[in-house]
Amino acid sequence: MKNQWIEFLYGRVIVKVSGKGLERFLNVLTRDGLHIWNVKRHGTETITFKMRLRDAKNIRIYARKSDCSIRFLQRSGVPFLFKRLLKNSGFMIGGAIFLFIIFFLSNVIWGIEIKGAKPATEYKIRKELDKMGVKIGKVQFFVDNVEGIQRKLTNNIGDLTWVGVELNGTTYHLQVVEKNEPKKQEHLAPQDLIAKKKAIIVKMFIENGQKVVDIHDHVEEGQLLVSGAFGQEGKQELVAAKGEVWGETWYKSHVKLPLVTKFHVYTGKEKQKHSILLGKLEIPVWGFGKTEFKEFETEKDVRKIHFLKWELPISYIHKTIRERESFTREYTNEQAEQIALELAKKEIKGQLDEDAIIKDEKILHKANENGKVILDIHFKIIENIAVGQPISKETPE
């Protein structure tokens, strides 16, 4: 089998030899080291056999010396295939150009569909997509991936709560969820104001309704603060109680902070690599050689290649290799306690309304275990504790 492939690679021919000196002719070929095989006799003065192309070039000399005539019946192998390809090179080049054009057009952006957005918001989205280079006619490989487009749109357009981006063939499909600003209620239904948590009242500002607590009172969660009912029993008028009741509330926070922290930072140096992935075989295209960075992080962007509507098992890979350095940050106990306290404040503020105020904080317990500073902190907060609770239009008992 191995010899057959070698013969095919170098070329082979089928030779027909006629004459009276056939035996003498074959003996001369064998003696001079010319390899022949599949020798067949056709009558008394004719034989056929196969031989290598490079040996067949000089066979006529042997035939004349043996009073034989030769004829080449069939030619096969790579050299002859190459000649045929050259003869039909115009068709090959045309076919290659055609396939390239189809591949190219199959990986160009031909459509951008946006659903769920108002006309004004859609205009903003398309304008932002233009800035990012996501436009009709642009090659998909040269724009951000789906995750990057989604992230930039969400960060740069304040009217969006969420946007989903999907690439289907040559079209980007965007599903948008806009922020719905709550409409101001022209008329509130009758309601009381109750406490959303236990607190000590520090100040009150009542627009409408009848207060039932006063400053310095201690209230529990769910307790009535401002009533929306006026008048005597049986003749009460129900209104929507409005106002702010500010109370002193309490929170506890548990924080752990390591004294020694290891982290990485980028130096700004980076290297780009491009390759084609065929199944599991990755073929480098640009950016050869080993990475000279001692420490680095690799960001890989994989883009599937399409042919018309089909996704091929071929991918374009763009790698960004960024150099990074390792640092160790160390705190003293005093520094760690201060930073842990600031972290606790940020955590508490994340749970409160914007207008809430941290009045005081007190460290209840602190410890140093396993290289970490551990704090238990008690916070006093001044916040609006009043929330509305609908009341029935029926006269309460």
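1. A good place to start is lysine 124: leaving aside its neighbours within four places in sequence, this residue is in contact with Ile157 and Asp159, where contact means heavy atoms within 4.5 Å. Lysine 124 sits in helix 7 (residues 119-132); helices (H or I, at least four residues) and strands (E, at least two) are DSSP runs, numbered from the N terminus. Its relative accessible area is 41%, so lysine 124 is partly exposed; here buried means under 20% relative accessible area, exposed over 50%, and partly exposed in between (1.4 Å probe, protein chains only). From C-alpha to C-alpha, lysine 124 and valine 39 are 81 Å apart in space and 85 residues apart in sequence.

2. A word on the basis of these remarks. This is a predicted model, in which local features need pLDDT of at least 70 and side-chain atom pairs count only at pLDDT 80 or more, while totals for chains, interfaces and linings use all residues. Residues are numbered from 1 along each chain as its sequence is written, and side-chain values use heavy atoms, with hydrogens and water left out.

3. Now to an open sheet of 4 strands, with the order 2-3-1-4 and antiparallel pairing; two strands pair if DSSP finds at least two bridges between them. Strand 2 (36-41) and strand 4 (68-76) are at its edges and have a single partner strand each, so one side of each lacks a neighbour in the sheet. On average, neighbouring strands of this sheet are turned by 20 degrees against each other, direction ignored. Axes are lines fitted to C-alpha atoms, for helices over the stretch in contact, and angles run from 0 to 180 degrees between N-to-C directions. Strand 2 is joined to strand 3 (residues 46-52) by 4 bridges, and the two run antiparallel; isoleucine 36 has methionine 51 in strand 3 as its bridge partner. Helix 2 (residues 22-31) lies across strand 1 (12-19), strand 2, strand 3 and strand 4, at about 15 degrees to strand 3.

4. You may also like to look at a nonpolar patch on the surface, formed by Ile93, Ile97, Phe100, Ile101, Phe104, Leu105, Trp110 and Ile136, with about 820 Å² of accessible area together. Patches are made of residues with over 30% relative accessible area and no salt bridge, like charges being joined within 9 Å and nonpolar side chains (Val, Leu, Ile, Met, Phe, Trp, Tyr) within 5 Å. Accessible areas come from the Shrake-Rupley method with a 1.4 Å probe; for residues, only the protein chains shown count as cover. One of the patch members, isoleucine 97, lies in helix 6 (residues 89-106) and counts as partly exposed because its relative accessibility is 46%.

5. Next, a hairpin and two backbone angles to check. Strand 6 (residues 160-168) and strand 7 (residues 171-178) run antiparallel and are joined by 8 bridges. Their hairpin has 2 residues between the strands, and glycine 169 there takes a positive phi near 70 degrees. Most residues other than glycine have a negative phi. Histidine 216, however, has a positive phi near 80 degrees; this residue lies in the loop between strand 10 (210-211) and strand 11 (218-219) and counts as exposed at 68% relative accessibility. Asparagine 370 also has a positive phi, of about 55 degrees, and is found in the loop between strand 20 (357-369) and strand 21 (372-384).

6. Another open sheet has 5 strands in the order 11-9-15-21-20, with antiparallel pairing. Strand 11 and strand 20 stand at the edges with a single partner strand each, so each has one side without a neighbour in the sheet. Helix 9 (residues 333-349) packs on the sheet, touching strand 15, strand 20 and strand 21, and makes about 35 degrees with strand 21.

7. Finally, the charges: the structure holds 15 salt bridges, each being a side-chain nitrogen of Lys or Arg within 4 Å of a carboxyl oxygen of Asp or Glu. Among them, glutamate 282 pairs with lysine 319, the closest N and O atoms being 3.1 Å apart. Glutamate 282 is in strand 17 (residues 281-286) and lysine 319 in strand 19 (residues 310-330), so this pair ties together parts 37 residues apart in sequence. Aspartate 301 and arginine 303 also meet in a salt bridge (3.0 Å, N to O); aspartate 301 counts as buried at 16% relative accessibility, and arginine 303 counts as buried at 10%.
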